[in-house]
Amino acid sequence: MASVDVIVVCWNDREKIATALDSVFALPEVERDPQFARVVVSDNGSSDGSREFLRERYGSRVTIVENGKNLGFGAACNRAFAATVSPFVFLLNPDAELRAGALAEIVRFMEAHPRCGIAGSRIYNYDGTIQESCGEFDTWLGAFLRSSAWGEWPFLRRFANGASLRAWGHASERRVDIAIGAALCIRRSVLDTIGPFDERFFLYHEEIDFAKRAAAAGFETWYVPSSEAVHEGMGSARGQYNVEKRKQTSRRKYWRKHHGLLWYTALVAALVARYVLYAAALVGTLATVRRILHRDDPA
């Protein structure tokens, strides 16, 4: 049995997936022991020759799960979970690549911290800057500020979701609420305890929902900077989805699922109300200007 199953979801990613898979096979821990990691690609009905390319380039080194159609990210992961048995699974985006020691370091950390059910790598952009890859669970105020421009106002930024992580240098191990799924390790026992991803989340927020359920079951999520990856961002979604619309749809599903209809309705009402305030302020400003102009009119 491999120590970790590396799962990559593919949907028309022929042009970039080799970078992700090559980085796994080039890891020192994998070169020393090819049985350390097993690579599984869950293909969502790619039509660009991805499956043929993978078979030709990697042969038996890569297991392909053929889903036949685009099931979404969470469902594709679930099909791969069902085809694997290792004590850890590592989710790697097709537009990401691992740096030396990434798998060994994150597995080492999780073996040393048995309450850690989810662990995220330190993720870099290709320009060398660090991606903000950790987050906090929503509060009502935090969700309102994040969903409106108000969360960027200096005196309100500290109340917005994730504010405590923005000034953090991402250089040390830290317990967090959420780590993004671009380079994410999950303990098998978490899947056995709470089940796989909720397939109602087609794309985005599936890992947040999963982390929320894992936390409720007593598991911890950690950020592990000794495990490093580089991530382009957007991946299969680039040019094929309205990304912002997908994010908003999944975010609303998450809010209704975990906070309830009353919480969600109050949030939507508050977000709508701010536009009423903007309109009222604009009408008031126009009325004031009109009065000033009328007062100064010699006629």
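Buried means under 20% relative accessible area, exposed over 50%, and partly exposed in between, with a 1.4 Å probe and protein chains only. The model is predicted: local features need pLDDT of at least 70, side-chain atom pairs count only at pLDDT 80 or more, and totals for chains, interfaces and linings use all residues. Residues are numbered from 1 along each chain as its sequence is written, and side-chain values use heavy atoms, with hydrogens and water left out.

**View 1. G49 in the loop between strand 2 and helix 3.** Helices (H or I, at least four residues) and strands (E, at least two) are DSSP runs, numbered from the N terminus. Strand 2 spans 37–43 and helix 3 spans 50–58, with G49 in the loop between them. G49 counts as partly exposed because its relative accessibility is 23%. D13 is 36 residues from G49 along the chain, and the C-alpha atoms of the two are separated by 9.0 Å.

**View 2. Q131 and its surroundings in the loop between strand 6 and strand 7.** The loop that holds Q131 runs between strand 6 (116–124) and strand 7 (134–135). With a relative accessible area of 12%, Q131 is buried. A polar contact is a pair of N or O atoms within 3.5 Å; within protein, one must be able to donate a hydrogen and the other to accept it, and residues adjacent in sequence count only if both atoms are side-chain atoms. One such contact, of 2.9 Å, links the side chains of Q131 and N125. A polar atom of the Q131 side chain also lies 2.8 Å from the backbone oxygen of H231. Contact means heavy atoms within 4.5 Å. Neighbours within four places in sequence aside, the residues in contact with Q131 are I123, Y124, N125, H170, I180 and H231.

**View 3. Strand 11 and the strands paired with it.** Of the 12 residues of strand 11 (residues 220–231), 11 are buried. Two strands pair if DSSP finds at least two bridges between them. Strand 6 pairs with strand 11 in the parallel sense over 8 bridges, and I123 stands opposite A229 of strand 11. Strand 5 (residues 96–98) is antiparallel to strand 11, with 3 bridges; here L98 has A229 as its bridge partner. Strand 8 (residues 174–176) also pairs with strand 11 in the antiparallel sense, over 3 bridges, and R175 is bridged to W222.

**View 4. The buried and exposed residues of helix 5.** In helix 5 (residues 102–112), the buried residues are A102, L103, I106, V107, F109 and M110. They lie on the same side of helix 5 because they cover an arc of only 160° around the axis. The arc is that of the directions from the helix axis to the C-beta atoms. On the face turned away from the buried side are the exposed residues E111 and A112.

**View 5. E199 beside residues of helix 4.** E199 belongs to the loop between helix 8 (188–194) and helix 9 (206–216). Its relative accessible area of 39% makes E199 partly exposed. Apart from neighbours within four places in sequence, E199 is in contact with A75, N78 and R79. The side chains of E199 and N78 are joined by a polar contact of 3.0 Å. L71 is 128 residues from E199 in sequence, with a C-alpha to C-alpha separation of 8.5 Å. Helix 4 (residues 73–82) has 8 of its 10 residues buried, so helix 4 is largely enclosed by the rest of the structure. Its buried residues include A75 and N78.
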